[in-house]
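These are my notebook entries on a single chain, kept in the order in which I looked things up. I began with one residue and then went on to the cores, the strands and the largest pocket.

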Amino acid sequence: MKRTSKSGRNGSLAILIAALGVLACMGACQNRVDKDDEGKPAGGTSPATPPAAKISFENGQAILTLDQQTQRRMGIEFSTLPPTVTRTQVAAPAVVLSVQELATFRNGYIATQSQIEKDRVDTEVARKEYSRLKMLFDNNQNISEKTLQSAEGSLRLLEVDQRTAEQQLNLQASVTQQQWGNVVAKWAMDGSPELERLLGMRETLLQVTLPFEQSYNAPRTIFVEIPGRSRSEATLISSFPRVDPRIQGGSFLYVSPGQPDFTPGVNLLAHIAVGNSMRGVIIPASAVVWSEGKAWTYLQTAPDQFSRREITTDVPVNDGYFVTVGFTAGSKVVRRGAQSLFSEESLLQGYGGGTSDEN
């Protein structure tokens, strides 16, 4: 009986120890759960981290919100728009000209010049030989009259060849002047640096046509562009003695820096300042994003908010576009990182990440 009682006491003790172990484990788990729940709202869910970028809409206008860290990551930089004054502009058609004719003329002109120089040398040698033989003949030296006549004939033929080559050179120059005007023709005849830049495609030759009824002269400087793609400043060379068959008007030659898109035959739009002064601002070209044939720029409306605004491009100026509506002096636009903003906005709209504040 004593042995049984002792065994029962040992069993009870083991059960008690096991129960205490279970309670200790449950307490440790509860402490861990309590620590995990610290800082959580009463509902038991984690506080939502605000998104780095979001989109909302006000009066139908998309507003892109980016925190400062995201702006720095995207390399966003701004330009403050100063007040600007420019003149009213009109548009005129322009076309990129091929300079192959000038290259062909230059090669032929050089060949003719070389022939003339050779004929001059040959003529001078023949003239001296004829003079020597004539002096021998006149002094009753040992020379026949036939030999003298042959020398004279050779001299006369060389003189004719020289005059013919000179006439051909003058004719080539006259034709080129009629086709290209005096300035460009002189470039081609002289092999000037201007011609070398054209042939090397560092510069481009343009034909700009102004309507006959226009009341202004061709300005010294204009802007030309392929809308939405390439644009450049162009400088007047001279009038152009050819007519664009598509348009009745006077043509002028302009030269612009070479552009990859400015290939022969490409049609351009020329912008010519002719009217009264206008007040506005200049949107930098680096701030412009093109989409579906339209030009856009991002206006900073708050330190962390941006609104994409459409701009007009009918008044291009140096390194940008002059606008009179939608922007005021002192406005800030994104001059670097605009394309990144556009991609971010497109992504948010594509995933439906926007909220509406219209109501």
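Entry 1. Is T176 buried or exposed? I kept in mind that I was working with a predicted model, and I looked up the relative accessible area of T176, which is 4%. Because buried means under 20% relative accessible area, I entered T176 as buried. I then placed T176 in helix α4, and I listed what T176 touches when residues up to four places away in sequence are not counted, namely F105, G181 and A185.

Entry 2. I turned next to the largest nonpolar core, which has 23 residues, and I noted that L97, L102, W180, V184, L205, I237 and L253 are those with the most contacts inside it. At least two residues of this core are supplied by each of α3 (100-138), α4 (145-180), α5 (182-190), α6 (193-199), β7 (230-240) and β8 (249-257). The largest share comes from α5, with five residues. As a general remark, I wrote down that in soluble globular proteins nonpolar side chains tend to be buried together.

Entry 3. I picked L205 out of that list and looked up its contacts, again leaving out residues up to four places away in sequence. L205 touches V95, V96, L97, V99 and L102, and also W180, L198, I237, L253 and Y254. I also found a second core, separate from the one above, that has 16 residues and includes V208, I222, F262 and A270.

Entry 4. For the strands, I started with β6 (residues 221-226), which pairs with β7 in the antiparallel sense over six bridges. One of the pairings I checked is that of F223, whose bridge partner in β7 is E233. Between β6 and β7, which form a hairpin, I counted three residues, and in this turn G228 has a positive phi of about 85°. On going further, I saw that β7 and β8 run antiparallel and are joined by five bridges, and that the bridge partner of T235 in β8 is V255.

Entry 5. Which residues are closest to the centre of the largest pocket? I first noted its volume, about 250 Å³, and then found that, of the 15 residues that line this pocket, M201, E203, T204, F262 and P264 are the closest to its centre. Strand β5 (residues 203-211) gives the most to the lining, with three residues. By residue type, I divided the lining into nine nonpolar, five polar and one charged. F262, which is among the residues closest to the pocket centre, is also included in the second core.

Terms used. Residues are numbered from 1 along each chain as its sequence is written. This is a predicted model: local features need pLDDT of at least 70, side-chain atom pairs count only at pLDDT 80 or more; totals for chains, interfaces and linings use all residues. Side-chain values use heavy atoms; hydrogens and water are left out. A nonpolar core is a set of buried Ala, Val, Leu, Ile, Met, Phe, Trp, Tyr and Cys residues joined through side-chain atoms within 4.5 Å. Buried means under 20% relative accessible area, exposed over 50%, partly exposed in between (1.4 Å probe, protein chains only). Helices (H or I, at least four residues) and strands (E, at least two) are DSSP runs, numbered from the N terminus. Contact means heavy atoms within 4.5 Å. Two strands pair if DSSP finds at least two bridges between them. On a 1 Å grid over the protein atoms alone, a cavity is a set of points where a 1.4 Å probe fits but cannot get out, and a pocket is an open set with protein on both sides within 12 Å along at least five of seven lines; lining residues have an atom within 4 Å of a point. Grid points are joined across faces, edges and corners, and a volume is the space filled by probe spheres set on the points. Ala, Val, Leu, Ile, Met, Phe, Trp, Tyr, Cys and Pro count as nonpolar, Asp, Glu, Lys and Arg as charged, and the others, Gly among them, as polar.
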